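User: Could you pick one part of this fold and go through it closely with me, then show how the rest of the chain relates to it? Keep it informal, but be specific about residues.

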Amino acid sequence: LVRSRGLGDVYKRQIYVLCDGANSTPWGGDAARICASSIVSSLGADSSIESVTTSKAYANADALVKKHFSNAACTSISVKIESTGIELASCGDSLIEVFKFIPILGWKKFYQTQLDLLEDHKSPSQLIGSETYDKPNLFSLPPKGTFAILLMSDGLYQFTSSKVRKKNISKIGGLVPSNEDLTFLSSKLASEAIQSQSPDDISIGIIWVKFK
């Protein structure tokens, strides 16, 4: 599954969520759909109403998945963009990677979210809908500059390198990309993972955002 969205100057809250069903559970895909819908609904609520924190939104999604399934779990990563900055959240082994555009120097890797992994560095140590769920990892980016934010399942990032991902993002240059541009870059990275024989589902989203 390939998804991409472009975003220009920020005036209101924007929410992006990617969830990946756990292959070890029979209803992982259904759990991922319910989880994503729940988090988007919680975080995207009218800002005139008391806002739901990201931690609470994830806890609500965890409770909802457990209510509907006895054996289902999923990862979740999310990006909440407001005029005051960007909040990144992650749970499980999906990844958010952030690149920032530096004039003259071009695109540079700025940050990546924490992965929840067991000691084998392969299996997730917490998943939404499982007994291992604790809380999301949170990180904030300042409301200054131009960013390209990649949301990726493990089927994508484990089979492409950060260097390859940066090379693709660098094609944007200092221009404002269209949705078609971001879709092309997403498809290119998905193809790279397939060529590297990724056996897993491949999900990717690219968000471009510029603050004044």
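Analyst: Quick definition first: pLDDT is the predictor's own confidence in each residue, on a scale from 0 to 100. We need it here since this is a predicted model. Over the chain, pLDDT averages 91, and 92% of the residues score at least 70. The stretch to treat with care is residues 1-11, where pLDDT stays under 50. The model still gives that stretch 45 contacts beyond four places in sequence, but I'd leave it out of a close reading.

The part I'd pick is the four-stranded sheet and the helix on it. The sheet is open, its strands come in the order E2-E3-E4-E7, and the pairing is antiparallel. E2 and E7 (137-141) are the edge strands, each pairing on one side only. From one strand to the next, the twist averages 10 degrees. Helix H1 packs on this sheet, touching E2 and E3, and its direction makes about 165 degrees with that of E2.

As a reminder, strands of a sheet pair through backbone hydrogen bonds, in either a parallel or an antiparallel sense. Let's go along the pairings. E2 and E3 run antiparallel and are joined by eight bridges; Gly-21, for one, has Cys-74 of E3 as its bridge partner. On to E4 (residues 85-91): seven bridges join E3 to E4, again antiparallel. You can check the register in your viewer with two partners in E4, Ser-90 for Ile-77 and Ala-89 for Ser-78. E3 and E4 are also linked directly, by a hairpin through two residues.

How covered is E3? Mostly: eight of its nine residues are buried.

Now the helix. H1 covers residues 28-43, which makes 16 residues, and at 1.5 Å a residue they should span 22 Å. The C-alpha atoms at its ends are 22 Å apart, so the expected span and the model agree. The buried residues of H1 are Gly-28, Ala-31, Ala-32, Cys-35, Ala-36, Ser-38, Ile-39, Ser-42 and Leu-43. That list is worth reading with helix geometry in mind: an α-helix has 3.6 residues a turn, so residues three or four places apart point the same way. Among the elements covering those buried residues are strand E2 (14-21), helix H2 (54-68) and strand E3 (74-82).

Cys-19 is a good spot for seeing helix and sheet together. It belongs to strand E2, and its relative accessible area is 14%, so it counts as buried, the cut-off being under 20%. Leaving out residues up to four places away in sequence, Cys-19 touches Ala-32, Cys-35, Ala-36, Cys-74, Thr-75 and Ser-76. Ala-32, Cys-35 and Ala-36 are among the buried residues of H1. For a sense of distance, try Ser-123, which is 104 residues from Cys-19 along the chain; their C-alpha atoms are separated by 16 Å.

What about the strands outside that sheet? E5 and E6 pair in the antiparallel sense over six bridges, with Glu-97 opposite Gln-112 in E6. The two strands form a hairpin with three residues between them. Ile-104 sits in that loop, between strand E5 (95-102) and strand E6 (106-112). Its phi is near 75 degrees, a positive value in a residue other than glycine. That deserves a look, as most residues other than glycine have a negative phi. Ile-104 has a relative accessible area of 89%, so it counts as exposed.

His-121 makes a nice companion case. It lies in the loop between E6 and E7, its phi is a positive value near 60 degrees, and it counts as exposed because its relative accessibility is 61%.

Last stop, Arg-165 in helix H4 (residues 162-169). Is this arginine buried or exposed? Arg-165 counts as buried because its relative accessibility is 4%. A polar atom of the Arg-165 side chain lies 2.9 Å from the backbone oxygen of Thr-160. Beyond neighbours within four places in sequence, Arg-165 is in contact with Leu-95, Glu-97, Phe-99, Leu-150, Met-152, Leu-156, Tyr-157, Thr-160 and Leu-189. Glu-97 in that list is the residue you met opposite Gln-112, which brings us back to the E5 and E6 pairing.

Note on methods
Residues numbered from 1 in each chain as written. Predicted model: local features only at pLDDT ≥ 70, side-chain atom pairs only at ≥ 80, totals over all residues. Heavy atoms only, no water. Expected span 1.5 Å × (residues − 1). Buried < 20%, exposed > 50% of the residue type's maximum accessible area, 1.4 Å probe, protein only. Contact = heavy atoms within 4.5 Å. Pairing = 2+ DSSP bridges. Polar contact = N/O pair within 3.5 Å; in protein donor to acceptor, adjacent residues only side chain to side chain. Axes fitted to C-alpha atoms, helices over the stretch in contact; angles between N-to-C directions.
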